[in-house]
Amino acid sequence: MKKTKHIIVTGGAGFIGSHLVERLLGDGKNVVVIDDFSTGSLENLRTFAKKPRLKIIRSKISECKNLSKLVADAEFVFHLAATVGVELVVKSALHVLESSFHETQILLKAAAKNSTPFLFASTSEVYGKSAKAEFSEDDDLLIGPPGQSRWSYANAKLTDEFLALAYAREKNLSVIIARLFNTVGPRQTGRYGMVLPRFIAAAKKNEPLRVFGDGKQSRCFCLVTDVVESLVRLQNSKKARGEIFNIGGTEEVSILELAKLVVKTLGSKSKIELIPYDQAYSLGFDDMRRRKPRVKKLERLVKFKPQTPLREIIRMTAD
Ligand SMILES: NC(=O)c1ccc[n+]([C@@H]2O[C@H](COP(=O)([O-])OP(=O)(O)OC[C@H]3O[C@@H](n4cnc5c(N)ncnc54)[C@H](O)[C@@H]3O)[C@@H](O)[C@H]2O)c1
């Protein structure tokens, strides 16, 4: 009898990974999670952790026993495991760099050996300091200098993109690169500096919302289930193989406006405080003024565009 294949989700106990796992299980798939629980948790998988079609392996990718066999028996690999969050990145560039390239390389090697299609979760951070109004997948990239550790995350992700595409060209591996923009929603923790959960937690307690810099820097937020929908559609599209896709919301909002909207939506009594960047992070911290994706390529190929309104996202996350 032919064995049913599974789908591997590295980082499956994390914020986005757990939503992806939930969706794949809902689609009737067998899922294997590989996660070292460094920032993820079993709590994120709690409601479906006992499903027989889910196997959870608590391990770093590089230390995972039988990785090659697991990848050989997989129909697809979603690689989401990474060290995420500005605070963690500023604190230890070494950890970010070492845990990124090394882990991704091991996984890509196993995927190439077994011809298992692969999706790599990259980030809008790779666009660096670009001043363009909208970022497109084939833009030149302008990353800050290595003296500033905050750029190590962008650099690590970009190197992983190069590596994955080199495997695609030279080892004939089916690879998709998904550049995720600010993703938000239920289960995201504010512990590592993510802005929306930080604001919501403060607003619920009527404590001040701390906005870094002048608050005029703007972002586009995307609901995690819209990201997951995009990832699954990309997985199922043969034409996506070998390509890079932006995934993100397109409703631009300044961080100060976001703070006001959170206070208003939740009926909170919180005040808003502006905190200089060098107090929030370290001297010379570089932030991007705008970060808006062009998502035409995604929309054209998979006929889907994330568009859950921000107010609704805030409500769902707060609940
Ligand atoms: N959340 C966002 O806004 C956003 C934006 C752009 C890109 N991304 C990317 O999406 C992916 C998921 O991010 P997230 O927000 O869910 O973060 P997360 O921290 O919740 O998830 C990452 C998961 O990877 C696990 N992990 C880390 N290193 C590992 C290793 N070496 N081996 C096994 N597991 C490991 C962690 O325990 C965690 O569960 C990441 O690759 C991140 O770079 C996220």
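S115 lies in the loop between α4 and β5. That is where I want to start. This is a predicted model, so every value I quote is computed.

What sign does phi take at S115? Positive: phi of S115 is near 50 degrees, and this residue is not a glycine. Why does that deserve a remark? Most residues other than glycine have a negative phi. Is S115 buried or exposed? S115 counts as exposed, because just 12 C-beta neighbours lie inside 10 Å, and 12 or fewer is the cut-off for exposed.

There is another residue of this kind. N66 is not a glycine, yet N66 has a positive phi of about 60 degrees. Where is N66? Look in the loop between β3 (54-58) and α2 (67-72). N66 counts as exposed, because it has 10 C-beta neighbours inside 10 Å.

Back to S115. S115 comes just after α4, so let's walk along that helix, with helices taken as DSSP runs. Helix α4 covers residues 93-114, which makes 22 residues. From its first C-alpha to its last, α4 reaches 32 Å. That is close to the 32 Å expected at 1.5 Å a residue. Which residues of α4 are buried? They are A93, V96, S99, S100, E103, T104, L107, L108, A110 and A111. Notice that E103 is on that list.

Now compare another helix, α7. Helix α7 runs over residues 224-235 and has twelve residues. Its reach, first C-alpha to last, is 16 Å, close to the 16 Å expected at 1.5 Å a residue. How many residues of α7 are buried? Ten of the twelve, so α7 is largely enclosed by the rest of the structure. The buried ones include V224, V227, V228, L231, V232 and L234. D226 and Q235 are also among them.

Next, the ligand. There are 28 residues around the ligand. Which of them come nearest? G11, G14, G40, A81 and A82. Four elements give two or more residues to this shell: α1 (15-26), β2 (30-35), α4 and β5 (118-123). So our helix α4 is one of the contributors. The largest share, three residues, comes from α1. What about residue classes? The shell has twelve nonpolar, twelve polar and four charged residues.

Now the inside of the protein. In soluble globular proteins, nonpolar side chains tend to be buried together. Here the largest nonpolar core has 79 residues. Those with the most contacts inside this core are I8, F78, A178 and F199. What does I8 touch, beyond residues up to four places away in sequence? I8 touches V32, I34, L70, V71, A74, V77 and F78. There is also a second, separate core of ten residues. That second core includes V89, A93, V126 and A156. You have met A93 already, as a buried residue of α4.

Let me pick two strand residues. F245 is found in strand β11, residues 244-247. F245 counts as buried because it has 25 C-beta neighbours inside 10 Å. Outside its neighbours within four places in sequence, F245 is in contact with E137, A178, R179, L234, A240, K297 and L298. Two of those names are familiar. A178 is one of the best-connected residues of the largest core, and L234 is a buried residue of α7. F245 and S122 are 123 residues apart in sequence but 9.5 Å apart in space, C-alpha to C-alpha.

The other one is S218, in strand β9, residues 218-220. S218 is partly exposed, because it has 17 other C-beta atoms within 10 Å. S218 is in contact with E252, V253, S254 and R290, leaving aside neighbours within four places in sequence. S218 and L258 sit 40 residues apart in sequence and 9.0 Å apart in space, C-alpha to C-alpha.

Last, the whole protein. It has eleven helices and 13 strands. Of its 319 residues, 43% count as buried. Among contacts between residues at least 6 apart in sequence, 80% join residues at least 24 apart. The C-alpha trace spans about 65 × 40 × 35 Å along its principal axes. How does the radius of gyration compare with that of a compact globule? With 319 residues, such a globule would have one near 20 Å; the protein has 19 Å, so the two agree.

Key: Residues numbered from 1 in each chain as written. Predicted model: local features only at pLDDT ≥ 70, side-chain atom pairs only at ≥ 80, totals over all residues. Expected span 1.5 Å × (residues − 1). Buried ≥ 20, exposed ≤ 12 C-beta atoms within 10 Å, placed from the backbone. Near = placed C-beta within 6 Å. Nonpolar A, V, L, I, M, F, W, Y, C, P; charged D, E, K, R; others polar. Core = buried A, V, L, I, M, F, W, Y, C linked by C-beta atoms within 7 Å. Contact = placed C-beta atoms within 7 Å. Rg over C-alpha atoms; globule rule 2.2 N^0.38 Å.
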